[in-house]
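Here is a short note for a colleague who is opening this entry for the first time. Please read the points with the structure in view.

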There are 2 protein chains.
Amino acid sequence: MKRATIGDVAAAAGVSVATVSRVLNGGAVRQATAARVWEAVTSLDYTPNALTKSIFAGRSSTIGVVIDDLTSPFYLDLMRGIDEVASANGSLVMFANTFHDPGREVAHVRTMDEQRVRGLVVTSGASTDERTRRMAEGGTPCVIIARSLPQPPPHLHSVKLDNRAAGRMMAEHLVSCGRRSVAVISSGPRPSHTERIEGLRRGLGEAGLALPDDAIASADANSEVDEAMAALLVRRPDAIVCLTGRRTVAVHSALAARGLRFPDDLAFLTMDDFAWGPALGITVIAQPAYRMGQRAAELIVENPNRAARLTFKPELITRTSCGEKG
Amino acid sequence: MKRATIGDVAAAAGVSVATVSRVLNGGAVRQATAARVWEAVTSLDYTPNALTKSIFAGRSSTIGVVIDDLTSPFYLDLMRGIDEVASANGSLVMFANTFHDPGREVAHVRTMDEQRVRGLVVTSGASTDERTRRMAEGGTPCVIIARSLPQPPPHLHSVKLDNRAAGRMMAEHLVSCGRRSVAVISSGPRPSHTERIEGLRRGLGEAGLALPDDAIASADANSEVDEAMAALLVRRPDAIVCLTGRRTVAVHSALAARGLRFPDDLAFLTMDDFAWGPALGITVIAQPAYRMGQRAAELIVENPNRAARLTFKPELITRTSCGEKG
DNA sequence: GTGAAAGCGCTAACAC
DNA sequence: GTGTTAGCGCTTTCAC
């Protein structure tokens with residue numbers, strides 16, 4: 001009933017634990033001896049304890065991921081990218097959701113540190129920066145995702161979207177579709193959203209269009225979207241921009257509930273591509289989330305000395321929701 | 001640069017390691033001593049090594065999840081349910097995707113075993129059963145998800161949907177919507193699909209309707225859906241049933257590409273609810289995936305002696321894609 | 001080639 | 001209360 005240890009195997013094979021360790025990890029052992037050891041391994045159903053192994057290495061082989069919320073399409077794809085690289089490197093991924101709760105976030109990052117993860121990917125707020133920075137200095141590669149740090153600490157890698165470019169891209173596309181009055185909905189005051197708005201405003205400005213502050217609403221939760229939408233619609237905009245894929249469904253629903261149709265009543269442009277995008281004809285600005293996840297995991301695996309600052313370009317995926325011309 | 005150990009803390013505080021361990025884990029220590037220890041902990045930035053701790057416990061506090069593919073809506077919700085319970089219990093979750101590759105699956109389950117996970121949730125094929133069974137016998141609670149085992153091994157918990165009920169529910173709903181010729185698309189020969197088909201066939205049978213074998217097609221990948229659909233459509237069905245949420249988008253697209261509209265040209269009924277369901281008016285048979293994930297994690301946390309066999313009831317979420325009346 | 005023995009960072013008796 | 005000491009399961013010198 002009890003698990004066999006390396007000592008049990010050694011006893012069964014009539015050798016020392018050192019020898020067993022050698023055949024398991026590829027040291028120089030005579031053919032015949034190795035055979036006896038493998039026999040014992042099999043008959044005892046021995047499974048090495050990775051935890052104990054990690055004591056010597058100083059750290060585990062697991063990659064830690066602390067994410068806002070798996071439900072968001074961006075994070076989901078990011079996760080898949082991380083998983084792919086981890087899997088190819090024999091690493092497992094350990095993850096935890098923060099649900100935007102700073103307390104949870106700090107706790108999870110701490111736990112990851114205690115687990116001596118091989119590296120850490122954090123996508124959440126700024127509350128973890130202190131510890132993350134120390135972890136990085138201590139030799140655990142850490143990569144910050146999707147966040148713009150004013151002055152990024154050395155050692156901390158970062159992977160992000162060029163948010164200003166995304167905003168500008170939105171402006172240019174809407175202008176090219178003949179829209180002149182844009183309303184924006186975001187999900188709380190995140191730095192990435194601020195940058196997207198900056199880009200949007202600049203792009204609009206170049207076309208002689210303004211983006212006044214009251215054309216921007218915010219909804220921290222899906223339940224707040226309807227109210228925010230109502231506030232925006234009194235301005236009679238001809239285009240709605242949703243700054244995050246996390247709110248696409250809710251914004252779409254709020255509009256649909258009012259009987260508004262795309263692109264006739266309103267142009268609709270949102271962030272992050274999603275599976276139903278083509279079917280619904282919704283034009284999006286896509287982030288290469290999967291690629292970003294892969295690169296993040298690669299940074300952990302490769303652990304370069306110099307802090308990497310990776311910025312990815314957004315991509316416009318044109319469909320029909322903005323009244324695109326043929 | 002090097003990490004502080006419990007010994008470093010002890011030295012800095014002028015106490016023994018045992019005392020440090022006590023203040024960290026809540027033993028009886030004098031107030032003043034504890035204060036000195038905490039001071040040392042802080043100044044040395046000491047973070048206990050969870051790996052080493054787990055050696056004593058015999059296992060880690062992490063819950064392992066080996067899943068087919070995070071992309072599927074069912075598995076995603078399942079995962080969120082698991083995460084919720086794990087998080088509430090101070091556990092982290094470690095996961096790996098198999099992408100339906102038996103080789104990957106075996107390797108991942110093995111790795112989880114080596115990691116001495118507190119418990120394991122497996123959603124994949126049968127290739128892991130041997131090892132999983134041994135793990136369970138060895139005291140690691142294992143729960144099999146969404147799979148019907150002919151004769152489930154003792155010790156292995158299982159959490160599944162009542163697939164026959166789901167099939168019957170589909171039949172009854174379509175019949176009540178006046179449909180008489182049903183075509184079915186599945187994703188490969190999974191036991192759960194077989195059961196759903198059985199239920200569907202029985203339900204249809206009670207209404208005097210048949211479900212011949214050539215009204216059932218299979219698509220192992222999204223890329224095969226279009227061809228499978230073409231084969232089904234020659235029978236001129238008045239209803240299409242999709243047996244898995246993983247194929248909903250592809251099936252919907254294949255139909256839409258042919259200019260077929262719901263519910264006028266065809267009824268459309270699929271498995272697993274999804275965010276865009278309401279917007280698209282697609283009627284679904286939902287699995288309580290989140291709840292199932294919670295229960296699976298609870299089984300691991302509680303680790304009951306008797307193997308649990310949990311079966312969940314599907315739920316019909318009526319919208320408009322089947323031509324529902326009023 | 002192989003074994004004995006010293007640790008890895010920590011907990012848990014057991015003394016004082 | 002606090003320290004000493006013996007492990008937990010494993011890797012890794014260092015002899016032989």
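1. In this predicted model, Met94(B) is the residue of chain B that comes closest to the rotation axis, its C-alpha lying at 2.1 Å. The contact residues of chain B recur in chain A to 100%, so the same surface serves both copies.

2. On the axis itself: a turn of 180° with a shift of 0.0 Å along the axis lays chain B on chain A, with an RMSD of 0.1 Å. The two copies are thus related as by a two-fold rotation axis.

3. One cavity of 30 Å³ or more is present. The largest cavity holds about 70 Å³ of space. Residues of both chains line it, among them Met94(A), Met94(B), Gln115(A) and Gln115(B). The lining has four nonpolar and six polar residues, and no charged ones.

4. DNA strand D has 25 residues around it, of which Ile6(A), Thr19(B), Arg22(B), Thr33(B) and Phe56(B) come nearest. Of the atoms of this strand that come within 4 Å of the protein, 57% belong to sugar and phosphate.

5. Which atoms meet the phosphate oxygens of DNA strand D? A polar backbone atom of Ile6(A) is 2.4 Å from one, and a backbone N or O atom of Ser16(B) lies 2.9 Å from one. From Ser21(A), a polar side-chain atom lies 3.0 Å from a phosphate oxygen of the strand.

6. Helices H2 (17-25) and H4 (50-57) of chain A and of chain B each give two or more residues to the surface near DNA strand D. H2(A) provides the largest share, four residues. By type, this surface has 11 nonpolar, nine polar and five charged residues.

Terms used
Residues are numbered from 1 along each chain as its sequence is written. Chains are lettered from A and ligands numbered from 1 in the order in which they are written. This is a predicted model: local features need pLDDT of at least 70, side-chain atom pairs count only at pLDDT 80 or more; totals for chains, interfaces and linings use all residues. Side-chain values use heavy atoms; hydrogens and water are left out. Copies are superposed by least squares on the C-alpha atoms of residues with pLDDT of at least 70 in both. Contact means heavy atoms within 4.5 Å. On a 1 Å grid over the protein atoms alone, a cavity is a set of points where a 1.4 Å probe fits but cannot get out, and a pocket is an open set with protein on both sides within 12 Å along at least five of seven lines; lining residues have an atom within 4 Å of a point. Grid points are joined across faces, edges and corners, and a volume is the space filled by probe spheres set on the points. Ala, Val, Leu, Ile, Met, Phe, Trp, Tyr, Cys and Pro count as nonpolar, Asp, Glu, Lys and Arg as charged, and the others, Gly among them, as polar. A residue is near a molecule or strand if one of its heavy atoms lies within 4 Å of it. A polar contact is a pair of N or O atoms within 3.5 Å; within protein, one must be able to donate a hydrogen and the other to accept it, and residues adjacent in sequence count only if both atoms are side-chain atoms.
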